[in-house]
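Me: Please give me a close look at one part of this protein, and take it slowly. I'd like to know what packs against what.

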Amino acid sequence: MDSAPQQQPPVEFETDPSRYRHWQVSFDGPIARLKMAVDPAGGLRPGYELKLNSYDLGVDIELADVVRRLRFEHPEVRVVVLSSGTDNVFCAGANIHMLGMSTHAWKVNFCKFTNETRCEMEDATAFSDQIYIAAANGTCAGGGYELALACKEIYLQDDGNSAVSLPEVPLLGVLPGTGGLTRLVDKRKVRRDRADVFSTTAEGMRGKRAKDWNLVDGVFARSKFEQEVMKRAQAIAAAPIKLLPGERRGVTLGPITPELAAHARLYRHVELSWDREARTAQILVRGPSAADVAVVTAGDEAIHAAGDQLWALRAFRELDDALLQLRTNHLDIGLVLLRTEGDPAQVLAHDAALAASREHWFVNEVLRHMARVLRRLDLTSRSFFALGDVVGNGMPAFAGCLLELALAADRFYLLDEPAVQVGLSALNEGALPMSHGLSRLAARLYGEPDKFEALVGQRGLMDAEAADDAGLVTVRLDGIDWADDTRMAIEERSSLSPDALTGMEANLRFVGHENETSKIFARLTAWQNWIFIRPNATGPEGALSLYGKPQRPHFDWNRV
């Protein structure tokens, strides 16, 4: 970790329950028990121990897999009770020694992935009727409390020792980097003066005061803790609720293992390739075939029977893995070219069938997963250019859900040829929202509401000129100019400061109002990014660098 991640063995994000080292999952009808039992020797990189249920990226990769499998493979689950398998410690947060020896990029990507997983826990609560309850049966500190904050309810053991705390500011010279402060005041609505006291009190708060300040939802004596938490879980599971229709038969998520080439990862529907010398990568997504469309148009049961091989689920799982590979294992790549291939009419037909079946629980999960992957793209600190030109013998397929790639991109170049068409579907109108709740179409045309209104409800394909006139295209080029103009745009973008581009893109992508989630990523993560490289935290005499050592940190007292 003291060298760049791409010089280490590459990180793989696929896992499954047979490979878990840090989580234990059990089921009792509608209640799932999720125990955090971190293997101290199971760090993703050498050089640190994961003591006291502290975690690193490897622990979070497993948690992300657990959350997703609960949604797809165990739709019968109504309540997830999250507790610790380690006595007297719920979770000590992110492993401090891991953070201290990590590169800046690793720390930031780690924080981002961690929070995306916590957002998926909240998404499961909101849209999958799987309510997460944190049973803090011990000390719940830093990232451990942030993990609890991602749950809908938090219960703390009242034993005179167990406490909740966010000690990053007083102890480490950083701040809760995975949404802690924002969830504290926006989600739990803790008074900001009390939040100020709490966040600067290293030992945290316990018992009645933690409950009175709304830091937890209840405290139970150690002798009754398990019984009271399960009583609450059973009450939630028994509460009447209108569940989405469809047989609650889980769908197993099988592996998507790609074929590995020298400079590429080749999946079934997605190709990721890269050119380190040019500092560019390409993601190619192939649209659904006629056979794929036949499956979804056959109705709910046929879609359910397709399981994890359903095009929309398989393709977006592959896209998700490709994005995570770029983030973690290819830091030198600054510009990603997004291309699609296929029949845009087939994409629209596939979208229409999914939209018609969206009330089925499995289709709902597929759509929520697609939305989450697209949000991962929005939040990835790379430049994205969508290129709508001919790929090999295939035509571009920027329509419906694949048009979302172009709408998410920083620029969309489209070839002006009669055979090149784009189109809108119902999925472009809010079914796949960005982090701040807007559709990408609404964000694209935020300053042109008349154009936006004209496109709402429009279906079918349009040629390049019509798409340009509608505001969907950044630059429309004819065949003569295409190669030179796109080459110059790519070379120019690759020559600019990646730091400046990251800041610019994050500002430009999220127009309009904020919500809790967008604050976490756009505001808090940005400040954590900055604080992580300040000498007060990571300098030779910084608080994070000296944690656990006898020396006291030395601060530059100038306010910046």
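Reply: Let's begin with a definition: a charge sits over a ring if NZ of Lys or CZ of Arg is within 6 Å of the ring centre and within 35 degrees of the ring normal. Keep in mind too that what you're looking at is a predicted model.

Now find Arg 368, which lies over the face of Phe 127, at 3.6 Å from the ring centre. Phe 127 belongs to helix 3 (residues 104-127), while Arg 368 belongs to helix 14 (residues 361-378). Helix 3 will be our base, and we'll work outwards from there.

Helix 3 has another charge and ring to show you: the charged end of Lys 107 sits over the ring of Phe 532, 5.5 Å from its centre. Phe 532 is part of helix 21 (residues 516-532), and we'll come back to that helix.

Next, some ring pairs. A search of the whole structure turns up eleven aromatic pairs. One of them is Phe 13 with Phe 113: the ring centres are 5.5 Å apart and the planes are at 50°, so the pair counts as tilted. Phe 113 sits in helix 3 and Phe 13 in the segment before strand 1 (23-28), so this pair ties together parts that are 100 residues apart in sequence. As for how hidden they are, Phe 13 and Phe 113 are both buried.

Phe 113 also turns up where helix 3 packs against helix 12. The two axes are 10 Å apart, at an angle of about 150°. Anything over 145 degrees counts as roughly antiparallel, and helix 3 and helix 12 are therefore roughly antiparallel to each other. On the helix 3 side, Trp 106, Asn 109, Lys 112, Phe 113 and Glu 116 meet Leu 324, Arg 327 and Thr 328 in helix 12. In general, an α-helix has 3.6 residues a turn, so residues three or four places apart point the same way. Keep that in mind as you turn the model around.

From helix 12, step across to helix 14. Helix 12 (residues 311-329) packs against helix 14 at an angle of about 25°, with the axes 9 Å apart. That makes these two roughly parallel, and helix 12 passes helix 14 in a left-handed crossing. The contact involves many residues: on helix 12 they include Leu 313, Phe 316, Leu 323, Leu 324 and Arg 327, and on helix 14 they include Phe 362, Val 366, His 369, Met 370 and Val 373. Leu 324 and Arg 327 should look familiar, since they are also among the helix 12 residues that meet helix 3. Phe 362 has company as well: ring pairs link Phe 72, Trp 361 and Phe 362 into a cluster.

Just past the end of helix 3 there's a small oddity. Most residues other than glycine have a negative phi. Asp 129, though, has a positive phi, near 55°. You'll find Asp 129 in the loop between helix 3 and strand 7 (131-136). The cut-off for buried is under 20% relative accessible area, so Asp 129, at 17%, counts as buried.

Last, back to helix 21, which packs with helix 6 (residues 180-187) at an angle of about 150°, the axes being 9 Å apart. Helix 6 and helix 21 are therefore roughly antiparallel to each other, and their crossing is right-handed. Leu 181, Thr 182, Arg 183, Asp 186 and Lys 187 from helix 6 meet Glu 516, Lys 519, Ile 520 and Leu 524 from helix 21. Within helix 6, the residues Gly 180, Thr 182, Arg 183 and Leu 184 are buried. The buried residues of helix 6 pack against helix 3, helix 4 (143-149), helix 7 (192-199) and helix 21, and that brings us back to our base. After helix 6 comes Lys 189, which has a positive phi, near 60°.

Notes:
Residues numbered from 1 in each chain as written. Predicted model: local features only at pLDDT ≥ 70, side-chain atom pairs only at ≥ 80, totals over all residues. Heavy atoms only, no water. Phe/Tyr/Trp six-rings, centres within 6.5 Å; stacked < 30°, edge-to-face > 60°. Helix = DSSP H or I, 4+ residues; strand = E, 2+ residues; numbered from the N terminus. Buried < 20%, exposed > 50% of the residue type's maximum accessible area, 1.4 Å probe, protein only. Axes fitted to C-alpha atoms, helices over the stretch in contact; angles between N-to-C directions. Parallel < 35°, antiparallel > 145°, perpendicular 65-115°, else oblique. Left-handed = near helix turned anticlockwise from the far one by under 90°. Contact = heavy atoms within 4.5 Å.
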